[in-house]
Every structure is written in structure tokens, then in C-alpha cells.
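Reader: I would like to learn how to read charged side chains and packed helices in a protein model. Could you take me through them slowly?

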Amino acid sequence: MIDLHSHVLPGIDDGPATMEGSLEILRAAHEDGITQLAATPHVRDDWRTTPDAMERLVGEVNREARAAEIDVEVLPGGELDLGYLDTLDDGELRRFGLGGNPGVLLLEFPYVGWPIGLRDLLFRLELRGFRAVIAHPERNTEVQAAPERLRELVDAGGLVQVTAASLDGRLGSRTAACAQLLVSEQLAHLIASDAHAPSIRAVGMTAAQEAVGDDALARWLTDGVPRALLDGTPLPPRPKAAKRWLRRH
């Protein structure tokens with residue numbers, strides 16, 4: 001499996017404070033079957049992560065992981081706040097490219113409210129050569145009330161990432177129902193952990209795969225689409241599945 005959203009870098013945002021905490025997350029990821037994990041620290045007003053700091057810490061965590069014989073490759077990236085994008089030039093955005101792909105950006109969807117002008121933002125990013133992956137919209141109250149609102153963003157070329165803990169019910173029944181609906185209605189494209197620690201909001205990708213209940217679709221969400229994004233290749237076709245395959249909570 002490939003996990004394209006995590007907060008594994010030490011002391012840079014609300015993820016682990018120390019390198020040992022980073023290694024604990026990587027151990028949990030390895031045990032969960034993950035081979036590659038994108039470090040996507042927050043990039044926003046309260047966590048003004050720079051590309052230099054992100055890249056330096058990715059290198060340090062990879063070195064420490066190899067020394068500890070943890071077989072998970074940490075990749076670069078960033079979780080970009082919608083309101084902070086205008087402070088970054090194209091060169092900085094490319095360095096925050098998801099998993100090292102300079103043409104893909106992970107955008108943080110807010111937990112409350114619908115971002116004004118989001119479709120236009122995706123269009124402007126496309127003109128600049130970027131494709132957007134929208135992080136965890138199933139945790140937003142507006143999306144929970146009307147999941148179909150995301151369709152205009154998907155139709156505009158946006159990809160949607162749902163959180164593993166949302167799908168398997170660890171973040172509550174309302175969030176689980178929304179995440180499951182997004183997958184069943186073809187409004188989600190990849191599952192990621194958004195891991196901040198090896199415990200709460202833990203990696204849990206295997207549990208999310210099991211919640212999907214369809215092996216081919218689960219592989220598409222956790223390997224097929226993430227791998228294509230890393231490689232810069234077209235997304236593989238979505239496997240056909242019945243709409244009622246998801247486990248209900």
C-alpha cells in the first residue's frame with residue numbers, strides 16, 4: 001500500500017515532537033503493509049512550513065528509518081491550506097508536490113464551511129500545471145450534509161482523498177457514512193492515513209481496506225491511484241463494484 005497523507009516529520013507541525021515518534025509511526029505503517037508514505041506537513045499560517053525544512057526532515061527521517069531497519073520510504077509533500085496558497089510561488093508549490101510529483105498538490109479541506117471559489121481555484125491551479133488532491137472532505141460538516149457538492153470539483157479534475165479512520169468508523173458514524181458514500185458514488189479516489197501518531201488517528205489502512213469490502217476497489221484506492229500519482233501516469237480505470245459493498249456502522 002501507498003499512503004499519500006501523513007504527519008510523520010518530527011517537530012514541524014502537530015505530528016510527532018521527536019524523531020522517535022516519527023519512527024513509531026513508520027513502524028506502525030510497516031506493520032500495516034505500507035511501503036511508501038508521503039510526509040505532508042501542514043503548510044498554513046499557524047505552521048509556516050518551508051520546502052527547505054520539509055525536504056531536510058524527509059532526508060533525516062529516511063536515514064533514521066534505514067538505520068532502524070524500517071522498510072518504509074518517506075516521500076516529500078505538504079498539506080496546503082487553501083488560504084495560504086497565494087503566499088507560495090510555483091517553484092515552492094512544485095517542491096511541495098505530493099509524493100515528489102511536482103504537478104500534484106494536496107489541499108487541506110476545512111472542517112467547517114464550504115470554501116468560496118474552490119472550483120475556480122482548481123481551474124487556476126490547472127492553468128499553472130497543478131492537479132489538486134482534496135484532503136479529507138468527508139470530515140467537513142457541509143459535505144456531510146450534501147456530499148454531492150463535491151461532484152463539481154471532481155468533474156473539474158479534482159481528486160478526493162478520504163481518511164482511513166473515517167471509512168472504518170474510528171472518527172464517528174456520521175463521518176463514516178459520508179466517507180462510504182463518497183466512495184460508493186465515485187467521488188473518492190484514494191485512501192490515506194493522515195496519521196499524526198501511531199495511536200489515535202493511527203495508520204489503519206488495512207482496516208479501511210476491509211471496510212471497503214471489495215478487494216479490487218480497495219487496491220485501486222490504496223495502491224493503483226496513489227502509484228499513478230507518484231509515477232505521473234494516467235489513473236487506472238476504477239474497478240466496477242456494487243453500490244452496497246461498504247460495511248455499515
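Author: What follows is a short conversation about a predicted model, going from salt bridges to a buried residue and then to a pair of helices.

Reader: How many salt bridges are there by the rule used here, and which residue meets Asp52 in one of them?

Author: A salt bridge is called when a side-chain nitrogen of Lys or Arg lies within 4 Å of a carboxyl oxygen of Asp or Glu, and the count comes to 14. In one of them, the side chains of Asp52 and Arg95 meet at 2.5 Å, N to O, and this pair links distant parts of the chain, since Asp52 belongs to helix α2 and Arg95 to helix α3, 43 residues apart. Arg95 also forms a salt bridge with Glu55, where the closest N and O atoms are 2.7 Å apart; Glu55 is again in helix α2, 40 residues from Arg95.

Reader: Is Asp52 buried or exposed, and what about Arg95?

Author: Exposed means over 50% relative accessible area, so Asp52 counts as exposed at 52%, whereas Arg95, at 33%, counts as partly exposed.

Reader: What does buried Glu79 have around its side chain, and how far away is the nearest side chain of opposite charge?

Author: Glu79, which lies in strand β6, has no salt bridge, and the nearest side chain of opposite charge, Arg44, is 6.0 Å away. A polar contact of 3.1 Å does join the side chains of Glu79 and His136, and the residues that Glu79 touches include His5, His7 and His42.

Reader: How should I describe two packed helices?

Author: They are described by the angle between their axes and the distance between the axes. Here the axes of α9 and α10 come within 8 Å and cross at roughly 140 degrees, with a contact made by residues including Met205 of α9 and Leu217 of α10.

Key:
Residues are numbered from 1 along each chain as its sequence is written. This is a predicted model: local features need pLDDT of at least 70, side-chain atom pairs count only at pLDDT 80 or more; totals for chains, interfaces and linings use all residues. Side-chain values use heavy atoms; hydrogens and water are left out. Helices (H or I, at least four residues) and strands (E, at least two) are DSSP runs, numbered from the N terminus. Buried means under 20% relative accessible area, exposed over 50%, partly exposed in between (1.4 Å probe, protein chains only). Lys and Arg count as positive and Asp and Glu as negative; His and the chain ends are not counted. A polar contact is a pair of N or O atoms within 3.5 Å; within protein, one must be able to donate a hydrogen and the other to accept it, and residues adjacent in sequence count only if both atoms are side-chain atoms. Contact means heavy atoms within 4.5 Å. Axes are lines fitted to C-alpha atoms, for helices over the stretch in contact, and angles run from 0 to 180 degrees between N-to-C directions. Lists of a residue's contacts leave out its neighbours within four places in sequence.
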